[in-house]
Amino acid sequence: MRITRRMPTALVGTLAVAALSLCACGSDSDDGGGNVTLNVQLFGSFGYKESGLFDEYQKLHPNISIKFTSVQQESTYWPKIQSQLNAPTGVGDVYAAEVSRIAQVTQNQADRWVDLKTFGAGDLEADYYDWKWKAGTTADGKILGLGTDIGPLAICYRKDLFAKAGLPTDRQELAKSWTSWQAFLDLGKQYKAKAPRGSAFVDTAGGLYNAILGSSIKQYYDESGKPIHETNPAIRDAWNLGVQAAQTGLTARLKQFDEAWNKAFSSGSFASIACPSWMISYIKGQDKNGSGKWDVAPGPGVGNWGGSYLGIPKNSRHQKESYDLIRWLTAPDQQVRLFQDSGIFPASKVAASRPEVADAKDPYFGDAPVGKIFGDVAQNLPVAVHGPRDGSILDAFNNGLLSIETQKTDPDKAWKDTMKNVENLLG
Amino acid sequence: MFKARRRAGQGSAPYLFVAPFFLVFAAFGLFPILYTAWVSLHAVDLQNPNESTWVGLENYRKLFSSDFFWNALENTFTIGVISTVPQLCIALGIAHLLNYRLRGRTFFRVAMLMPYATSVAAATLVFSGLFGRDFGMINWLLGQVGVNPVDWDSGRWTSQNALSTIITWRWVGYNALIYLAGMQSVPADLYESAAIDGASRWQQFRYVTIPSLRPTILFTIVVSTIGAIQVFGEPLLFGGVSGHLGGAGRQYQTLGVLLYDEGWFNYKLGYAAAVAWTMFVIIVVAVLVNTTLARRRWRNAA
């Protein structure tokens, strides 16, 4: 018989990372004069600091000071947050959850995050894209996160390379030619025939796979929360297209977010990439002299990749103040500003419909109407079914495709290895 | 009588002096080891570490029947061998050279220690760049002599050799300095009499230096073995997004990386604790084997 017992909480901190939660606590308590320090811990780049929003908020609320830390990699950030969530007293006041983690919050950890409805967040629902809002609420209606941004998908491509290979370069024309992902790959084969030396059509098989699956309502879980990675036909289709791209040499055989991948944006190792809205500023950062070379066109399907939520852990000692902060940070005005400053696409459809966003054109991308391209996708996205381990399962699939690309692994074996990895992480 | 009493009186002072170490060790060394053992007998989810379910030896049973474990064990062993053996041999050679009266000796000795002072992260990131498939300097150099670019990351041997280069680079200097210190305590008259007997430089190294360094060599072997079993940062960072698997096909996943993957990617803290304890046992066994083998060999040689 299995016995479930509760371990003394203080003892749990022994494993290395868990120990992180016990140190670095600082004292963020009330100093008696009504001054409150909010400990905001994020990952990657949300643009708040860069756009001066934290400073502005502190000016508007002199009694609030914001202590902000950021971890570069989400994959190191999230495990750290896990131990903090379970610490007896508050370590942080505001955390972020990436969309691939949000179901873990809503399905497994609802008791550790503040229900924002208690502070009146229910009124905000109409502001948000339906699918974005729903993913941040639990089945029984608790609101655990406010959407910061989304990642509607298009295709970014190198006009100069397309032209060299004799492909059309006009975004409308391209969008019409790749009406399906198979058509996209067929164009890739055309590209390969006349491509400049050392240039592949698309960056990675994994990126392609993820974009294809992104348009599916059901991905790794069904509505009842059962994992369907082995049986979902949408996964098989996306996988098969990824395999096809890998085996016909259409991919640059890189790992996304690796140094070599970063360099490839300017070197031309690949001519196109499945491109969520946040990739726009990523490309600009990697290919500083790329203005005029790049363009962006609507992709073969509607999909979403990335985007986040801000939430408040139950062990925060300043829940109301934290709520006021995240509500302000995610308000349409601020989302518009973040879009203008860093191209972070609003999760709020009110913000997305403002002319500053909806009519935005990007000179770097040949004056492409980025606001409309991404906005149209966001508008048409279905309410997808999320599951607690979406991100890790995707990672396993990416590595499976990567092994086909770089290690010439047989696709059947790669599929079996992937299933094994997924079962290991779920088991 | 008198003598014994005096010894007892003196005896308490040394114990008091070493007590702080053992207290700290009990809190930060012994307790975590025992507590990890306790955790390894439970199912603990990283998402909810306050609750745990007693599973007995189930974690160990699963671990020993997992291909991933045996793969990681094998990788740890091969990476350990191909990094430790050259590392110690090169260190011995360098120490021998540094033991001569060289101009700028201090400079060389300090320079030797620089890689050791470099962080794993910094060193690994630089080396991943050097070993890059498309833009790496090593492939560029190979290209100069007509060798096709090597995809260092994707092959089992290529990636493990790349890792062994990083590890060797970081630790050669450290071991060289320890050997050097050992060499300087070898009495000069031993060399003199060897020279009078007509021993060449090489023979002096072989028959005077090496035997005198026995305890030092044993020490470095033990320390390097422990280090090799714990290799973690290099493969994790070398692999980028697939670092936690040790490459897309787990081609360089070590036990340390497996522990991290199971605990922090797959949320199985109890299972990760079982990996940790298995590593601990392997280290203890490896050290015991090392020391007994070394002792027996030297006793036979002597």
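The exercises below, each with a worked solution, concern a predicted model.

**Exercise 1.** Determine how many helices and strands chain A has, and assess its radius of gyration against the globule rule.

*Solution.* Begin with the secondary structure: chain A has 19 helices and nine strands. Next, take the radius of gyration of chain A, which is 22 Å. For 427 residues the globule rule gives 22 Å, and the two values are close, so chain A is as compact as a globular protein of that length. Finally, the C-alpha trace of chain A spans about 70 × 60 × 35 Å along its principal axes.

**Exercise 2.** State what percentage of the residues of chain A count as buried, and describe the area that the chain exposes.

*Solution.* Of the 427 residues in chain A, 57% count as buried, the criterion being under 20% relative accessible area. The area that chain A exposes is about 16900 Å², and carbon and sulfur atoms supply 51% of it. Turning to charge, chain A carries 45 positive and 46 negative side chains. The centres of these two sets lie 5 Å apart.

**Exercise 3.** Establish whether strand β8 of chain A is largely enclosed or not, and identify how β5(A) pairs with β8(A).

*Solution.* First, locate the strand: β8 of chain A comprises residues 294–298. Four of its five residues are buried, so strand β8 is largely enclosed by the rest of the structure. Second, consider the pairing: strand β5 of chain A (residues 146–158) joins β8(A) in the antiparallel sense over five bridges. Third, at the residue level, I155(A) has A297(A) in β8(A) as its bridge partner.

**Exercise 4.** Find what share of the contacts in chain A between residues at least 6 apart in sequence join residues at least 24 apart.

*Solution.* Consider the contacts in chain A between residues at least 6 apart in sequence; 76% of them join residues at least 24 apart.

Notes: Residues are numbered from 1 along each chain as its sequence is written. Chains are lettered from A and ligands numbered from 1 in the order in which they are written. This is a predicted model: local features need pLDDT of at least 70, side-chain atom pairs count only at pLDDT 80 or more; totals for chains, interfaces and linings use all residues. Side-chain values use heavy atoms; hydrogens and water are left out. Buried means under 20% relative accessible area, exposed over 50%, partly exposed in between (1.4 Å probe, protein chains only). Helices (H or I, at least four residues) and strands (E, at least two) are DSSP runs, numbered from the N terminus. Two strands pair if DSSP finds at least two bridges between them. The radius of gyration is taken over C-alpha atoms; the globule rule is 2.2 Å times the number of residues to the power 0.38. Contact means heavy atoms within 4.5 Å. Accessible areas come from the Shrake-Rupley method with a 1.4 Å probe; for residues, only the protein chains shown count as cover. Lys and Arg count as positive and Asp and Glu as negative; His and the chain ends are not counted. The place of a charge is taken as NZ of Lys, CZ of Arg, CG of Asp or CD of Glu.
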